[in-house]
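These are my notebook entries on a structure I examined entry by entry. The coordinates come first, and the entries follow.

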Amino acid sequence: MVKNTKEVTIVLVEDDDVDAESISRAIKKLKILNPVIRAYDGLDALSQLRGEGDNPAISKPYIILLDINMPRMDGIEFLEEIRGDTLLHDSIIFVLTTSKAEEDLTAAFKNNVAGYVVKSEIEDGFQGVLKMVEHYWRIVELPV
């Protein structure tokens, strides 16, 4: 088995500045030194991942942390778009959301997310989630 040696980028798709800052603080507190790229909604994320406009495409491997409730293109719309994209369809995506709605959970897993976490049910802030994601990318072989 060949282990990925390339650095994993964290792509944070989050419109809420407070949540984005909380995630950034947790990353720093855990001493995770991986690059973090923030997108403010699904359209912004797709543009950055595809390298549209002035953005260079984000290189694999990366893990996407995706909010669902966002303006312009929400997380479910983003999932549907990315799964239909021949270059991005194999992206590893964890949903971090306020939504406990069964239809959101079902739609997310229909679009092959790696996990679905409700923000209000996280007991130790984002640190536990980020530890889990870090362990995931250290153990699992990611597409490059």
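**Entry 1. Ala108.** I began with the contacts of Ala108 in this predicted model. Leaving aside neighbours within four places in sequence, I found Ala108 in contact with Ile76, Leu79, Val95, Val113 and Tyr116. Ala108 lies in helix 4. Its relative accessible area is 0%, so I recorded Ala108 as buried. I also looked up one separation: Ala108 and Ile68 stand 40 residues apart in sequence, while their C-alpha atoms are 9.1 Å apart in space.

**Entry 2. Asp104.** I stayed in helix 4, residues 102-110, where Asp104 is also placed. Which side chain of opposite charge is nearest to Asp104? I found Lys110, at 12 Å, and Asp104 has no salt bridge although it is buried. I then looked for a polar partner and noted Ser99, whose side chain is joined to that of Asp104 by a polar contact of 2.5 Å. With neighbours within four places in sequence left aside, the contacts of Asp104 are Ile68, Ile76, Ser99 and Tyr116. Ile76 and Tyr116 had already appeared in my list for Ala108.

**Entry 3. Helix 2.** I next asked how many residues of helix 2 are buried. The count is 7 of the 9 residues in 42-50, so the helix is largely enclosed by the rest of the structure. The buried residues are Gly42, Asp44, Ala45, Leu46, Ser47, Gln48 and Leu49. I looked up what covers them and found, among the covering elements, strand 1 (9-13), strand 2 (36-39), strand 3 (62-66) and helix 3 (75-83).

I then inspected both ends of the helix. At the start of helix 2, a side-chain oxygen of Asp41 comes to within 3.0 Å of the backbone nitrogen of Leu43. Just after helix 2, Gly51 adopts a positive phi of about 75°. I also recorded a salt bridge between Glu52 and Arg50, with the closest N and O atoms 4.0 Å apart. Glu52 has a relative accessibility of 38% and therefore counts as partly exposed. Arg50, at 30%, is likewise partly exposed.

**Entry 4. Asp41 and Arg72.** A search of the whole structure gave me 10 salt bridges. One that I followed up joins Asp41 to Arg72, with 2.6 Å between the closest N and O atoms. The pair links distant parts of the chain, 31 residues apart: Asp41 is in the loop between strand 2 and helix 2, and Arg72 is in the loop between strand 3 and helix 3. I checked whether each partner is buried or exposed. Asp41 has a relative accessible area of 5%, so I noted it as buried. Arg72 has a relative accessibility of 61% and is therefore exposed.

**Entry 5. Positive phi values.** I looked up backbone angles and returned to Arg72, a residue other than glycine with a positive phi near 60°. Asn112, also other than glycine, has a positive phi near 60°. Asn112 sits in the loop between helix 4 and strand 5 (115-118). I recorded Asn112 as exposed because its relative accessible area is 56%.

**Entry 6. Lys60, Pro61 and Asp90.** Where is Pro61 placed? I located Pro61 in the loop between helix 2 and strand 3. The peptide bond from Lys60 to Pro61 is cis, and omega is near 5°. Lys60 forms a salt bridge with Asp90, the closest N and O atoms being 2.4 Å apart. Lys60 is in the loop between helix 2 and strand 3 and Asp90 in the loop between helix 3 and strand 4 (92-97), so the pair ties together parts that are 30 residues apart in sequence. Lys60 counts as buried because its relative accessibility is 17%. Asp90, at 27%, is partly exposed. I closed the salt-bridge search with one network, in which bridges that share partners join Glu14, Asp19, Asp67 and Lys119.

**Entry 7. Cavity.** Finally, I searched for enclosed space. Rolling a probe the size of a water molecule over the atoms shows where empty space is left. I found 1 cavity of 30 Å³ or more. The largest cavity has a volume of about 30 Å³. Its lining consists of Lys60, Pro61, Tyr62, Asp90, Ser91, Ile92, Leu142 and Pro143. The lining thus takes in Lys60 and Asp90, the pair I had recorded as a salt bridge, and Pro61, which follows the cis peptide bond.

Notes. Residues are numbered from 1 along each chain as its sequence is written. This is a predicted model: local features need pLDDT of at least 70, side-chain atom pairs count only at pLDDT 80 or more; totals for chains, interfaces and linings use all residues. Side-chain values use heavy atoms; hydrogens and water are left out. Helices (H or I, at least four residues) and strands (E, at least two) are DSSP runs, numbered from the N terminus. Buried means under 20% relative accessible area, exposed over 50%, partly exposed in between (1.4 Å probe, protein chains only). Lys and Arg count as positive and Asp and Glu as negative; His and the chain ends are not counted. A polar contact is a pair of N or O atoms within 3.5 Å; within protein, one must be able to donate a hydrogen and the other to accept it, and residues adjacent in sequence count only if both atoms are side-chain atoms. Contact means heavy atoms within 4.5 Å. On a 1 Å grid over the protein atoms alone, a cavity is a set of points where a 1.4 Å probe fits but cannot get out, and a pocket is an open set with protein on both sides within 12 Å along at least five of seven lines; lining residues have an atom within 4 Å of a point. Grid points are joined across faces, edges and corners, and a volume is the space filled by probe spheres set on the points.
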